[in-house]
Amino acid sequence: MPSLLLMSLAPSLKTLVVLEFTQVLPLALLALVASCAYSRYASPLKNVPGPALASFSRIWLNVGLVARGNLHGGIMDAHRKYGPVVRVGPNKVYFSDPALIPEIYGVGTGYRKSDLYMMSDPEPGHGSTFSERSAEKHAVLRRRVGPAYSNSSVLQMESYVDALVSAWISALSSEFTVAKTSLKSCDFASWSQFLTYDVISELAFGKAFGFIATRSDYKQYIASFQQALPMIVTMSYFEELVKFMTLGWVRKFTTPSIKDETGYGNLTKTATDLVRERWAKGGVGERRDMLQRFYEEGMTEKEAMIDSTLILVAGSDSTATTIRAAVMFICSDPSVYRTLKSELAANIPRTSPPSVVSFSVARSLPYLSACIKEALRLFPPGAGAMERVVPVGGATLSGYFIPENTVVCLHPWPVCRDKVFGEDVDSFRPERWLEEKDEKRLVKMEKTLDFVFGAGPHYCLGRQIAYLELYKSIAELFLTFDIGLSNPMRPWKSREYGFFLQRDMMVKIKKVDG
Ligand code: HEM
């Protein structure tokens with residue numbers, strides 16, 4: 001009976017729906033056109049230069065740049081075309097003048113992280129040290145995790161990094177060189193990350209996952225991250241979609257499961273299990289690793305689970321990208337290559353059995369330091385937009401009044417090509433760090449470069465760990481091997497989604513004589 005009634009009502013319902021739709025559609029279109037016209041011609045940002053499409057739509061940024069894996073390149077081009085201030089969206093303005101770093105990123109200036117970071121929350125309402133948008137909650141988290149990253153704790157863990165760098169060099173040697181002759185090309189894109197993943201898991205949990213030992217992408221953590229990242233990052237720019245996706249029932253379909261045998265879900269499970277085990281033992285591990293320090297600072301089990309997963313992600317890709325970039329740039333310039341090799345050979349005696357160069361010795365080598373700085377400058381590995389929200393009252397930035405709640409950002413790629421570095425900013429020239437006689441300018445160069453690690457309350461906590469790995473791995477690589485790019489015309493395949501997804505970086509390696 002009810003179905004008969006429904007059937008008799010169906011035609012009139014259909015007419016009603018069609019009528020409603022034909023009436024609503026023009027109204028919706030009108031509202032859309034009015035909102036685009038307002039954004040383009042009447043918004044307080046109407047005079048800020050930028051692409052016309054970006055002034056009324058997010059398509060230019062979100063689809064044209066982010067979804068195509070080239071935010072850093074597109075933003076650099078936009079600054080070249082429009083100058084130091086660019087309107088990249090209806091409510092977004094990006095800047096390139098490093099003088100704005102203290103204002104936008106400084107301590108206590110009131111600029112909070114934008115909703116772009118929401119997608120990085122491991123759970124709705126539970127931000128990590130990286131994704132937390134409330135300044136108060138972030139300060140509490142940062143106080144608790146800070147000691148684990150301090151210079152002294154990092155230096156206490158140097159011997160564990162040495163053991164892994166040594167195992168990495170031996171593995172490269174036995175896999176790719178025999179009797180000083182190169183055998184097969186090495187995919188250095190993967191091998192650089194085998195090292196950084198093992199180092200970070202060793203420092204965080206007191207136990208390397210086993211990328212070097214298995215000479216493989218252990219449980220496909222790297223592959224699964226690379227597969228998931230483009231979609232996650234592109235969606236994070238559509239904040240309304242993220243709000244929908246974080247609803248409990250939707251998350252079930254969008255988040256990798258901890259029941260997975262491999263991939264990112266399994267990585268989360270591994271970190272979660274290790275934290276649970278450790279908290280059950282009162283925080284005490286076999287040695288005083290980062291997890292133990294988290295426990296000592298009063299972190300809850302949940303906070304530690306969230307932040308230890310963050311370390312694995314934040315601490316492996318960025319450092320691996322810098323190792324790759326350094327190798328690529330050094331191998332592409334014969335004069336840089338020769339100068340670096342001579343400096344290393346002259347200052348680091350080879351011992352038997354071989355020992356890994358100490359951080360203090362490696363840091364004292366001027367040419368090695370200049371190469372690392374130049375690699376970070378020319379190829380900042382953290383290429384995600386560090387967006388912030390203008391506080392109440394608005395602000396005047398680079399001569400434009402920017403109203404409150406506008407999203408603003410300085411992107412490290414254009415910042416690292418600022419004129420303070422000289423005329424030839426697009427060249428890899430380590431000498432620029434050694435020839436500069438003007439002390440003040442050198443300090444300004446150092447400070448500007450440091451922005452690759454962010455600034456202010458969100459300044460990178462893992463900077464010292466990154467440097468420890470960079471100095472040791474690059475010194476040991478060029479001391480032990482002669483290295484050449486297999487395909488200098490196309491050294492790697494690279495796309496960027498905040499992190500760089502790089503593969504097929506084929507290199508030939510040969511043991512150095514002597
Ligand atoms: C060359 C290597 C690295 C670069 C260029 C880099 C860059 C950055 C940048 C730019 C930020 C600030 C992001 C923002 O404000 O949105 C950041 C934050 C962070 N980084 Fe790194 N990072 C590197 C290595 C590492 C390593 C090795 C670790 C961990 C062991 C790490 C852990 C973190 C954490 C926990 C934060 C969040 C800090 C906070 O918001 O309070 N990073 N990093």
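# A tour from the kinked helix to the iron site

Begin by selecting helix H6, where a kink of about 35 degrees lies at Arg-143, shortly before the proline Pro-147. The model on your screen is a predicted one, and every stop below should be read with that in mind. Select residues 135-149 to show the whole of H6, which has 15 residues and reaches 20 Å from its first C-alpha to its last, close to the 21 Å expected at 1.5 Å a residue. Next, colour the buried residues of this helix, which are His-138, Leu-141, Val-145, Gly-146, Ala-148 and Tyr-149. If you then bring up their surroundings, the cover over these buried residues includes helix H7 (151-156), helix H15 (290-296), H16 and H23.

**The nonpolar cores**

For the next selection, take Phe-188, Phe-294, Ile-330, Leu-368, Leu-477 and Phe-478, which have the most contacts inside the largest nonpolar core, a set of 103 residues. Helix H16 (residues 301-332) gives the largest share of this core, with 12 residues. A second core of 43 residues is separate, and Leu-65, Val-408, Tyr-497 and Phe-499 are among its members. In soluble globular proteins, nonpolar side chains tend to be buried together.

Returning to the larger core, centre the view on Leu-477, which, when neighbours within four places in sequence are set aside, is in contact with Trp-168, Ile-169, Leu-172, Phe-188, Val-327 and Ile-483. Leu-368, another of the residues with the most contacts in that core, is one of the buried residues of helix H19, a list that also includes Lys-373, Glu-374 and Arg-377. Select H19 as a whole and you will find that 12 of its 13 residues are buried, so that the helix is mostly covered. What span should be expected for the 13 residues of H19 (residues 366-378) at 1.5 Å a residue? The expected value is 18 Å, and the end C-alpha atoms are 18 Å apart, which agrees.

**The mixed sheet**

Now display the open sheet of 5 strands, whose order is E1-E2-E10-E7-E3 and whose pairing is mixed. Its edge strands are E1 (85-89) and E3 (112-113), each of which pairs on one side only. Inside the sheet, strand E2 (residues 92-95) runs parallel to strand E10 (residues 407-410) and is joined to it by 4 bridges; along this pair, Val-93 stands opposite Val-408, and Phe-95 has Leu-410 as its bridge partner. Strand E7 (residues 388-389), by contrast, pairs with E10 in the antiparallel sense over 2 bridges, with Val-407 as the bridge partner of Val-389.

Which residues of E10 point one way, and which the other way? Val-407 and Cys-409 point one way, Val-408 and Leu-410 point the other way, and all are buried. In a regular strand the side chains alternate between the two faces of the sheet.

**A hairpin and a second sheet**

Move next to strands E12 (residues 493-497) and E13, which pair in the antiparallel sense over 5 bridges. In this hairpin there is 1 residue between the strands, and Gly-498 takes a positive phi near 75 degrees. Glu-496 stands opposite Phe-500 in E13, while E13 (residues 499-503) is mostly covered, with 4 of its 5 residues buried.

Then select the open sheet of 3 strands, in which the order is E6-E14-E11 and the pairing is antiparallel. Strands E6 (186-187) and E11 (481-485) form the edges, each pairing on one side only. E11 is joined by 5 bridges to E14 (residues 506-511), and one pair worth labelling is Leu-485 with its bridge partner Val-507 in E14.

**A serine in helix H11**

Select Ser-224, which is found in helix H11 (residues 221-236). Is Ser-224 buried or exposed? Ser-224 has a relative accessible area of 15%, and because this lies under 20%, the residue counts as buried. Leaving out residues up to four places away in sequence, Ser-224 touches Gly-263 and Tyr-264. The C-alpha atoms of Ser-224 and Thr-262 are separated by 8.2 Å, although the two residues are 38 residues apart along the chain.

**The iron site**

For the last stop, select the iron atom of the ligand together with Cys-460, whose SG atom is the only protein donor, at 2.3 Å. Tracing the backbone on either side of this residue shows that Cys-460 lies in the loop between helix H22 (439-449) and helix H23 (463-480). H23 has already appeared on this tour, as part of what covers the buried residues of H6.

Technical notes: Residues numbered from 1 in each chain as written. Predicted model: local features only at pLDDT ≥ 70, side-chain atom pairs only at ≥ 80, totals over all residues. Heavy atoms only, no water. Donors = N, O, S within 2.8 Å, 3.2 Å for Na, K, Ca; no water. Pairing = 2+ DSSP bridges. Core = buried A, V, L, I, M, F, W, Y, C linked by side-chain atoms within 4.5 Å. Buried < 20%, exposed > 50% of the residue type's maximum accessible area, 1.4 Å probe, protein only. Contact = heavy atoms within 4.5 Å. Expected span 1.5 Å × (residues − 1). Bend = angle between axes of the 7 residues up to and from the residue.
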